[in-house]
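This note is offered to a colleague who is meeting the structure for the first time. The points below may be read with the model on screen.

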Amino acid sequence: MLIRTPRPWSLSENQITPEDVYMNRRQILAGLGFGLTATAIGGGLFPKGAMAAITGLPAERNPAFTLDRDITDEEDATTYTNFYEFGSSKNIWKSAQKLVTDPWAVTIDGMVEEDITIEAEDLVRKLGGVEERLYRHRCVEAWAMAVPWSGIPLAKLVEFARPDAGAKYLRIETFHDSDVAKGQRQSWYPWPYVEGITIEEATNELAFLGTGLYGKPMPKQNGAPIRLVLPWKYGFKSIKSIKRITFTDERPTSFWQDLMWKEYGFWANVNPEYNHPRWSQETERLLGSNERVPTLKYNGYGEWVEPLYAAMPQTRELFY
Ligand SMILES: Nc1nc2c(c(=O)[nH]1)N[C@H]1C(S)=C(S)[C@@H](COP(=O)(O)O)O[C@H]1N2
Ligand SMILES: [Mo]
């Protein structure tokens, strides 16, 4: 039972989240089990200690991804969150604890060799275990953070799904349960939350399936047990608490596009030169401070993702 619904202004960014609220005991124990028994599917890429499936217990950090700013305080990244299923304010982290993330079945279907519904934990294990990556994150609202995610390259899931040659997009869907998530009683939103990306984007080295944060299992408010992490795109593309991934040849309409297509597009690549209709995208506020820093094209990840869009017209459509 939810006792307290904090008002947007009543919860400070520095308020401490008690660890025991969001640590799931069963997940931790299951994770320890994997650490002892799993064999690395990825050809020994990860040490045994890193084979803690969904828990994200200390995973080896991939040195390819570095930051140009300090890591955001854990309290800030886990108490200032966007998760409209639980309400439109930033401090829904307590309400999100109502989400039951174990068990959690994920369905992979559509244009694939065979539809499958699999426990998130088993899926992560099949995909080879987790690594840690330091990524910048840029919300379309112009706040930003830098955090250590643990998870798996999304490319591994695409490979696992064995999509048909004709599949062009991934359509990704969040849970839909208005008993658990009160925001989903607000009928003007097109629930469930949906996002879409191309197969080329999904198999780009940067595209990541997050299962942990700060070396711990993913907090519910950050999208447990499994979410997308697409650091070169505005944050709304990084869909949380994934229930279904459908391979399709039709471009999916995302939740925000459906609601306000003039403000939120399909591509949503970060670019300071294209402003949101209601605010500037030139700078961003780092979570936990009032410091503003310049926004970078593709959020600084052009080296990885520019080739994806090189043949496309470089118009506003790519950047909102
Ligand atoms: N299912 C779902 N996923 C979501 C959202 C949401 O409301 N529902 N918000 C998005 C937005 S706008 C952002 S900025 C990021 C925020 O991730 P964080 O709260 O972990 O920082 O999640 C994205 N994924
Ligand atoms: Mo966002």
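1. Phe86 has a relative accessibility of 9% and therefore counts as buried, since the limit for that class is under 20%. Please bear in mind throughout that the model is a predicted one.

2. Phe86 has an aromatic partner, Phe83, and the two rings meet edge-to-face. Their centres are 4.9 Å apart, and the planes make an angle of 85 degrees. Phe83 is likewise buried, because its relative accessible area of 2% falls under 20%.

3. A further edge-to-face pair is made by Trp104 and Phe175, with 6.1 Å from centre to centre and 80 degrees between the planes. Which parts of the chain does this pair link? Trp104 belongs to the loop between α3 (74-79) and β1 (105-110), whereas Phe175 belongs to the loop between β5 (169-174) and β6 (194-198). The two residues are 71 residues apart, and the pair thus links distant parts of the chain.

4. Are Trp104 and Phe175 buried or exposed? Trp104 has a relative accessible area of 4% and is therefore buried. Phe175, at 6% relative accessibility, is counted as buried as well.

5. The count of aromatic pairs in the model comes to 27. One aromatic cluster is formed by Tyr84, Trp188, Tyr189, Trp191, Tyr193, Phe236, Phe255, Trp256 and Tyr264.

6. Tyr84, a member of that cluster, also leads to the ligand site. Around ligand 1 there are 18 residues, of which Tyr84, Glu85, Asn222, Arg227 and Lys240 come nearest. Sorted by class, this shell holds eight nonpolar, seven polar and three charged residues.

7. Several polar contacts to ligand 1 deserve inspection. A polar atom in the side chain of Lys240 lies 2.6 Å from an oxygen atom of the ligand. In the side chain of Thr174, an N or O atom is 3.1 Å from a nitrogen atom of ligand 1. Asn82 takes part through its backbone, where an N or O atom lies 3.2 Å from a ligand oxygen atom. On its own, ligand 1 has 530 Å² of accessible area, and the protein covers 99% of this.

8. Finally, the nonpolar interior should be considered. In soluble globular proteins, nonpolar side chains tend to be buried together. The largest nonpolar core here has 78 residues, among which Leu170 and Phe247 touch the most other members. Which strand gives the most to this core? Strand β4 (residues 143-153) does, with five residues.

Methods
Residues numbered from 1 in each chain as written. Chains lettered and ligands numbered in written order. Predicted model: local features only at pLDDT ≥ 70, side-chain atom pairs only at ≥ 80, totals over all residues. Heavy atoms only, no water. Core = buried A, V, L, I, M, F, W, Y, C linked by side-chain atoms within 4.5 Å. Buried < 20%, exposed > 50% of the residue type's maximum accessible area, 1.4 Å probe, protein only. Helix = DSSP H or I, 4+ residues; strand = E, 2+ residues; numbered from the N terminus. Near = heavy atom within 4 Å. Polar contact = N/O pair within 3.5 Å; in protein donor to acceptor, adjacent residues only side chain to side chain. Areas by Shrake-Rupley, 256 points an atom, 1.4 Å probe, with all protein chains shown as cover. Nonpolar A, V, L, I, M, F, W, Y, C, P; charged D, E, K, R; others polar. Phe/Tyr/Trp six-rings, centres within 6.5 Å; stacked < 30°, edge-to-face > 60°.
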